[in-house]
Amino acid sequence: MANQEAMLTMTNVSKTFYPGSPNQVNALQDVNLTVNKGDFITLVGGNGAGKSTLLNAISGNFLPDTGDIVVNGNNVTYLKEDKRAPYISRVFQDPKMGTAPRMTVQENLSLAYRRGDKRTLRFGTSTIEKAFFKEELKKLGLGLENRMEAEIGLLSGGQRQSIALLMATLKKPDILLLDEHTAALDPKTAKLVLELTDQQVTENNLTSIMITHNLQDAIQYGNRMLVLHHGQIVKDYDAEAKKALTPEAIFAELQALSIQDILI
Ligand SMILES: Nc1ncnc2c1ncn2[C@@H]1O[C@H](COP(=O)(O)OP(=O)(O)OP(=O)(O)O)[C@@H](O)[C@H]1O
């Protein structure tokens, strides 16, 4: 059960790309959002709704035109992406983006474990760390604890994405951002990685925002669901409201707001 302490606050956050030109895009429009500690939010919306831009704003990919972003009491609005890295982890759609292909599973995990730490891999991985990584890999249930010396590039997309997820959560981040992280996987593997995600988030009480194009998954997972449209949060369902939701009910509610291009 999530408590009610804020982990992320976005206040009046706006971002316009190509302002004043014919290509102007109001990607985020006056977004106000409070995410409580332990919230697992699913984020849906049509193509170009601003979902990735919202995650980009949180992770510091760009400076917002207006507004403030506070993570766990730290105002990060003007912090560059690398300076926010100790607070924020992100898993992308492409499994290749979260892992170093020529390095072994163990080396990748060591790197992730040293995030924000001055030590480098030159100091090697200690026996205690190795045992810890092995235990964590075992929990994934994919037999990867027996492939710690394998180069990541030789693993399948699903195995790689599972490790990317583990890397993102090995050092508990204040916020875990999941940017359609199962979209590039086949349906069976996507389900597996989603289950792993749910397990990691729930067991570690992580605060997370997950983008998905799958409405059923958005309803099934997490304790809150946001719908973004034209850079604005147009629906915010809490756990109670979510329980009773169906994709059809969401479509009907959005149609009542004259929103047609909501998903897929
Ligand atoms: N760096 C950028 N430069 C210019 N325009 C951008 C940039 N990033 C996003 N946009 C534009 O902002 C709008 C929102 O894009 P965004 O990627 O956030 O949408 P999305 O909801 O994630 O869509 P999708 O589901 O298709 O990935 C789009 O019109 C996009 O072209």
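## A hairpin to start with

S9 and S10 make a hairpin, with two residues sitting between the strands. One to look at in the turn is His230, which has a positive phi of about 50 degrees. Bear in mind that this is a predicted model.

The two arms of the hairpin run antiparallel and are held by five bridges. Beside the turn, His229 stands opposite Gln232 in S10.

## S9 and its other neighbour

How much of strand S9 is buried? Five of the six residues in S9 (residues 224-229) are, so the strand is largely enclosed by the rest of the structure.

Away from the hairpin, S9 also pairs with strand S3 (residues 40-44), this time in the parallel sense and over four bridges. If you want a spot to click on, Leu43 has Leu226 in S9 as its bridge partner.

## The whole sheet

Zooming out, these strands belong to an open sheet of six, ordered S6-S7-S8-S3-S9-S10, with mixed pairing. Strand S6 (88-91) and strand S10 (232-237) are the edges, each pairing on one side only. On average, and ignoring direction, neighbouring strands of the sheet are turned by 20 degrees against each other.

Another parallel pair in there is strand S7 (residues 175-179) with strand S8 (residues 208-211), joined by four bridges. Here Leu176 stands opposite Ser208 in S8.

## Around the ligand

Now for the ligand. Its shell consists of Phe17, Val25, Ala27, Gly45, Asn47, Gly48, Ala49, Gly50, Lys51, Ser52 and Thr53. By type, that shell splits into six polar residues, four nonpolar and one charged.

Which element gives the largest share of the shell? That would be H1, with three residues. Strand S2 (25-36) and helix H1 (51-59) each supply at least two of the shell residues.

## The chain as a whole

In total, the chain has nine helices and ten strands. Its radius of gyration is 19 Å, close to the 18 Å from the globule rule for 264 residues, so the chain is as compact as a globular protein of that length. Along the principal axes, the C-alpha atoms fill a box of roughly 55 × 40 × 40 Å. As for burial, 39% of the 264 residues count as buried.

## How confident is the predictor?

The chain averages a pLDDT of 91, and 94% of the residues score at least 70. For the complex, the predictor gives an ipTM of 0.98 and a pTM of 0.92.

Conventions:
Residues are numbered from 1 along each chain as its sequence is written. This is a predicted model: local features need pLDDT of at least 70, side-chain atom pairs count only at pLDDT 80 or more; totals for chains, interfaces and linings use all residues. A residue is near a molecule or strand if its C-beta atom, placed from the backbone, lies within 6 Å of it. Ala, Val, Leu, Ile, Met, Phe, Trp, Tyr, Cys and Pro count as nonpolar, Asp, Glu, Lys and Arg as charged, and the others, Gly among them, as polar. pLDDT is the predictor's confidence in each residue, from 0 to 100. Two strands pair if DSSP finds at least two bridges between them. Axes are lines fitted to C-alpha atoms, for helices over the stretch in contact, and angles run from 0 to 180 degrees between N-to-C directions. The radius of gyration is taken over C-alpha atoms; the globule rule is 2.2 Å times the number of residues to the power 0.38. A residue is buried if 20 or more other C-beta atoms lie within 10 Å of its own, exposed if 12 or fewer, and partly exposed in between; C-beta atoms are placed from the backbone.
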